[in-house]
Amino acid sequence: MLSESNRKIFFKLIQESSQEEIIWMSGYMSGLLLYEKDFQKLKKEKEKEKKTLVYGTETGNAKNLAFDIFQKAKKEKLQVKLINLDEYRLKDLEKENYFFIIISTYGEGEPPSSAKSFFNFIHHNKNLFLKNMKYSVLALGDKSYTYFCKAGYDIDKRLHDIGAMRIVSLHKCDVNYEDQANIWFSKIINFLKKNMKIIKYMEEFLIIFLNEKITDKKIHHIEIWIPNKVQYFPGDSIGVYPENPSNEVDNIIKYLNKNRKKEFEEYKEKNNIFNLFKRDLNILFLSENFIKKYSFLSENKNIYLNKKWKLIDLLIEFPMKNKFSLKDLIKIIEPIKPRLYSISSSPTAHGNDIHITVSRHRFQLNGETVYGHCSNFLSQLKVGDKLCFFIYKNKMFKLPDSDKDIILIGPGTGIAPFRSFLYEREAIKATGKNWLFFGDQHFISDFLYQKEIQNWKIKGILNRVSLSFSRDQEEKIYVQNQIWENKIEFFSWIKNGAYIYICGNKIPMSLDVEKMICRVIKKVGKCDSELFIKKMKKEGRYLKDVY
């Protein structure tokens, strides 16, 4: 029950809110209640992730180095377990999350005696599959010997071959190993800090508040709420991990259950196979590298490499040979890769909300209409759905000091980061002038964020707005044409220190825009455009985020 004071506030809020605002609040509270239990479970799971540092030594160098690195890890507040390989319980290997190895080479490329059991175990255990392990190897050796760091090389290669993920490449150290060891450890620390930050965002329940189509071209404005404010800056992006469509996952599971029933049942007992294919493994638009590996399992060298395969189609048309297992298949399937989307909200203006602008990519493939993996996933999210993402820091696409003038050139969804810029400049009361170039095909159907842009113009946040809608007249007009139409004022701005920002398609948009800017500099400024732009880039005043 609510206290009397909170009860009054609650009913007053309801009475003064619109129907849309009440729906918004309802979704907010539903999301909190629905995912609190899942969030706590995920949090506990992440906190239990193991980090183990092992060493194999013959003369004591690897041991001494391992102890030094262990102390440094403690200073970094990392909970790391340190153990000699001759004391390591080999049955724990499949339980490891982060596994770091310092290993010397002895004799003719052999591992030290303390590491031989471990070495033989990973090389001769045919059933070992380390899909949960992330690892790195630091190899100690002596360049005067023929088999320099061979034991470390062999271990690094074997772990990778049996499914572990290499997070820092093999580092080989000569007799004077301190500098290389410090570099290796620094890279691990950087990875862990970045990964822990990613995990922090992924583990929290992220609730979609709004997912609305804002144009006829299936462009979606998506607002994401998270319980704790995430640190980001205008110009940053989010990396989204899409999930595979459930129907595609179901088709694969049905196929495996029918054609490899026994091993499928055995594998299913130990793993959540639905989640594996749903959230972890890429089963759509398979790469050439995967196709080549799969051709080995099917013993068929005639698989078309120029066709974009789905896993289920590949399994049906070119079945695996019985001598290969389900584990062999899962081992070679590549993980789902994140897709980057520019953040279109402002950390100052929008608090715990993060906005993105997503075009649901549609194209013809193998004679059928298909949609982009991530954009299709995002376009179908509903209030209460969870989303896994991380913040991608874009240090090369940042706002200047608040008193500097900026020119923003962003046709189509390229406007996304500039929406962030303008909300931020408005919120901090920046004194610098703002000029926006925006374009698309049609004014009526493709004018993204029209009301916001018009309001910024009325309020004086936008000092100039130059629009171009290429299909609204017989002659096509693009943003670069608007730059030329305003060439005298444009050159005046950049001559007096304005910053240029370009976002959107690299080809042909960004190239055409740069050619036009060069033309303006040469025609109006009567100077060498190449040197002028080179100077702007050196001063950090010519910035692009193109794809």
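**Figure 1. Burial and overall make-up of the protein chain.** Of the 547 residues in the protein chain, 48% are buried, where buried means under 20% relative accessible area, exposed over 50% and partly exposed in between (1.4 Å probe, protein chains only). The model is predicted: local features need pLDDT of at least 70, side-chain atom pairs count only at pLDDT 80 or more, and totals for chains, interfaces and linings use all residues. Residues are numbered from 1 along each chain as its sequence is written, and side-chain values use heavy atoms, with hydrogens and water left out. The secondary structure comes to 21 helices and 19 strands; helices (H or I, at least four residues) and strands (E, at least two) are DSSP runs numbered from the N terminus. The C-alpha trace spans about 75 × 65 × 60 Å along its principal axes. Among contacts (heavy atoms within 4.5 Å) between residues at least 6 apart in sequence, 76% join residues at least 24 apart.

**Figure 2. Close-up of helix H10 (residues 288-298).** The buried residues of H10 are Phe290, Ile291, Tyr294, Ser295, Leu297 and Ser298. They lie on the same side of H10, because they cover an arc of only 155° around the axis; the arc is that of the directions from the helix axis to the C-beta atoms. Helix H11 (311-317) and helix H12 (326-332) are among the elements that cover these buried residues. Glu299 follows H10 and has a positive phi, near 55°.

**Figure 3. Close-up of helix H21 (residues 529-538).** Ser529, Phe532, Ile533 and Met536 are buried in H21. Seen down the axis, the buried residues of H21 fall within an arc of 90°, so they line one face of the helix. Glu530, Leu531, Lys534, Lys535 and Lys538, on the other side of H21, are exposed. The cover over the buried residues of H21 includes helix H19 (487-495), strand E18 (499-504), helix H20 (506-524) and strand E19 (542-546).

**Figure 4. Close-up of cysteines Cys388 and Cys518.** A disulfide is taken as a pair of cysteine sulfur atoms within 2.5 Å, and by this rule the count is 0 disulfides. Cys388 is in no disulfide, and the nearest cysteine sulfur, that of Cys374, is 11 Å away. Cys388 is partly exposed, at a relative accessible area of 30%. Cys518 is likewise in no disulfide; for Cys518 the nearest cysteine sulfur belongs to Cys527, 10 Å away.
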